[in-house]
Amino acid sequence: MSNDVINILTMAKVIQTAVAPVFLITGIAATLGVLSNRLARITDRARQLERKLKVSTDEDFNKTLATELRALLKRSRCIHIAFSMSVLSALLVCAVVMQLFLSHIQSINLGVTIASCFVAAMALLICGFMSLLGEVFLATRSMRRGMIFADIND
């Protein structure tokens, strides 16, 4: 077999190896869509409550609004953390794919670097999912307290 055929076959194997991380990037992108949607809903609700807070003169009502706004702020922080960690994870997965090709093209051993990037990407993704779970817990707790379903639509 000629050297060119061997190189093409080797590159095909590198491409096959790189496909799995690309699917992971697709999954992370779907997660980012969910996080973005949740953050948009939190932001919309906070703006609605802030408008009501500006026009209301009822102290008890304003305390209820302020309490819910604080809960929304906590939720938005969790989503921000989850979003940031997920994006960093996706960037590291992209780096893994790039390093796979560079290691083949340059004929250098980047095995430890590739493995380290992948492990870091998974750790960030785990932390991102944990932050999303924290936000869901906060949202559920707010609903249980009756804050979201309170009659604030005057």
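The following dialogue works through several features of a predicted model.

Me: Which criterion identifies a salt bridge, and how many does the structure hold?

Reply: The criterion is a side-chain nitrogen of Lys or Arg within 4 Å of a carboxyl oxygen of Asp or Glu. In this predicted model, the structure holds 3 salt bridges.

Me: Which side chain meets Arg-38 in a salt bridge, and where do the two residues lie?

Reply: Arg-38 pairs with Glu-135, at 2.6 Å from N to O. The pair links distant parts of the chain, since Glu-135 belongs to helix H3 and Arg-38 to helix H1, 97 residues apart.

Me: Are Glu-135 and Arg-38 buried or exposed, and how is that read?

Reply: A residue counts as buried under 20% relative accessible area and as exposed over 50%, with partly exposed in between. Glu-135 has a relative accessible area of 0% and is therefore buried. Arg-38, at 24%, counts as partly exposed.

Me: What does the salt bridge between Arg-75 and Glu-135 tie together?

Reply: The side chains of Arg-75 and Glu-135 meet at 2.7 Å, N to O. Arg-75 is in helix H2 and Glu-135 in helix H3, so this salt bridge ties together parts that are 60 residues apart in sequence. Both Arg-75 and Glu-135 are buried. Through shared partners, salt bridges join Arg-38, Arg-75 and Glu-135 into one network.

Me: Where do Arg-45 and Glu-68 lie?

Reply: The side chains of Arg-45 and Glu-68 form a salt bridge with an N to O distance of 3.1 Å. Arg-45 is part of helix H1 and Glu-68 of helix H2, so the pair ties together parts that are 23 residues apart in sequence. Arg-45 and Glu-68 are both buried.

Me: How should contacts be read for a buried residue, and which residues does Ile-79 touch?

Reply: Contact means heavy atoms within 4.5 Å. Ile-79 lies in helix H2 and is buried, with a relative accessible area of 0%. Not counting residues up to four places away in sequence, Ile-79 touches Leu-35, Arg-38, Leu-39, Ile-42, Leu-132 and Glu-135. Two of these, Arg-38 and Glu-135, also belong to the salt-bridge network. As for Val-34, its C-alpha is 9.9 Å from that of Ile-79, while the two residues are 45 residues apart in sequence.

Me: Is Ser-103 buried or exposed, and is Ser-107 buried or exposed?

Reply: Ser-103, in helix H2, is buried, with a relative accessible area of 16%. Leaving aside neighbours within four places in sequence, Ser-103 is in contact with Ile-108, Leu-110 and Ile-114. Ser-107, in the loop between H2 and H3, is exposed at 63%. The phi of Ser-107 is near 55°, a positive value in a residue other than glycine.

Me: Which residues form the positive surface patch, and which element gives the most to this patch?

Reply: A patch joins residues with over 30% relative accessible area and no salt bridge. The positive patch consists of Arg-70, Lys-74, Arg-77, Arg-141, Arg-144 and Arg-145. Helix H2 (59-106) and helix H3 (111-144) are the elements that give two or more residues to it. H2 gives the most, with 3 residues; Arg-70 is placed in this helix.

Me: Which residues form the nonpolar patch?

Reply: Phe-83, Val-87, Leu-88 and Leu-91 form this surface patch, and together they have about 320 Å² of accessible area. Leu-91 is found in helix H2.

Definitions and conventions: Residues are numbered from 1 along each chain as its sequence is written. This is a predicted model: local features need pLDDT of at least 70, side-chain atom pairs count only at pLDDT 80 or more; totals for chains, interfaces and linings use all residues. Side-chain values use heavy atoms; hydrogens and water are left out. Patches are made of residues with over 30% relative accessible area and no salt bridge: like charges are joined within 9 Å, nonpolar side chains (Val, Leu, Ile, Met, Phe, Trp, Tyr) within 5 Å. Accessible areas come from the Shrake-Rupley method with a 1.4 Å probe; for residues, only the protein chains shown count as cover. Lys and Arg count as positive and Asp and Glu as negative; His and the chain ends are not counted. The place of a charge is taken as NZ of Lys, CZ of Arg, CG of Asp or CD of Glu. Helices (H or I, at least four residues) and strands (E, at least two) are DSSP runs, numbered from the N terminus. Buried means under 20% relative accessible area, exposed over 50%, partly exposed in between (1.4 Å probe, protein chains only).
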